[in-house]
Amino acid sequence: MCPARTWLIGLGASAGLIAVFAVLGGRAPVGSLARPALLSLAAGTGFGVTTVLTKAFTTDLVDGGLAGAFATWHVYGLLAAGALAFFLLQVTFGSGPLIAAQPGLTGTEPVVAMVWGVVVFGEQVRGGWYATLAVPAVALIAAGVAVLGRSFAAAGSRD
């Protein structure tokens, strides 16, 4: 598995990101679409960390069996991160319309998990001609999320 220093840096950076999104979302005006959008980024980041800790736990489970898996910190970190992410999800749902929160929830978790996969677990990202197709595809997805978010905001302003 990864060195403890790598885990500390990654978890610290993720916790900082969650805190920034949660504070910004908490300070956004009540009833605004920014509030659930920002809180959803905090929840999505939390679920990304949960995904990474699930991978670490399953690796521990395969390597050391059930007793070995519960002897590591990963399972307890998974429980804590999962509880925090679920709490943030409930706060997000209570902060405004789902339509404002869904893009952040859906998009943040896989991005966080992919970054962790490359940085912490040393997974390889395909390059070459594949990247020339993937980069514009990601840009189109991001543009689509932005357009949907604006159209939802416009729809909400007419009510």
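User: Which helix gives the largest share of the lining of the largest pocket?

Analyst: Helix 4 does, with 11 residues. Keep in mind that this is a predicted model. The pocket has a volume of about 620 Å³, and its lining counts 24 residues. Gly107, Pro110, Val111, Met114 and Val138 lie nearest its centre.

User: What makes up the lining of the largest pocket, by class?

Analyst: There are 17 nonpolar, 5 polar and 2 charged residues in that lining.

User: Why is serine 14 called buried?

Analyst: Good one to work through! Buried means under 20% relative accessible area. Serine 14 has 8% relative accessibility, so serine 14 counts as buried. This residue is found in helix 1 (residues 4-27). Leaving aside neighbours within four places in sequence, serine 14 is in contact with Thr45, Val49 and Trp116.

User: Which residues line the second largest pocket?

Analyst: Ser14 is one of them, and the lining also includes Val49, Leu11 and Gly77. Helix 1, helix 2 and helix 3 (74-95) each supply at least two residues of this lining. By class, the lining has 8 nonpolar, 3 polar and no charged residues. The volume of this second largest pocket is about 160 Å³.

User: How do you know that helix 2 falls short of the span of a straight helix?

Analyst: Set the two spans side by side. With 36 residues, a straight helix would reach 52 Å at 1.5 Å a residue. The end C-alpha atoms of helix 2 (residues 34-69) are only 40 Å apart, short of that value.

User: Where does helix 2 bend?

Analyst: Helix 2 bends at aspartate 63, by about 105°.

How values were computed. Residues are numbered from 1 along each chain as its sequence is written. This is a predicted model: local features need pLDDT of at least 70, side-chain atom pairs count only at pLDDT 80 or more; totals for chains, interfaces and linings use all residues. Side-chain values use heavy atoms; hydrogens and water are left out. Helices (H or I, at least four residues) and strands (E, at least two) are DSSP runs, numbered from the N terminus. The expected span of a helix is 1.5 Å times one less than its number of residues. The bend at a residue is the angle between axes fitted to the seven residues ending there and the seven starting there. Buried means under 20% relative accessible area, exposed over 50%, partly exposed in between (1.4 Å probe, protein chains only). Contact means heavy atoms within 4.5 Å. On a 1 Å grid over the protein atoms alone, a cavity is a set of points where a 1.4 Å probe fits but cannot get out, and a pocket is an open set with protein on both sides within 12 Å along at least five of seven lines; lining residues have an atom within 4 Å of a point. Grid points are joined across faces, edges and corners, and a volume is the space filled by probe spheres set on the points. Ala, Val, Leu, Ile, Met, Phe, Trp, Tyr, Cys and Pro count as nonpolar, Asp, Glu, Lys and Arg as charged, and the others, Gly among them, as polar.
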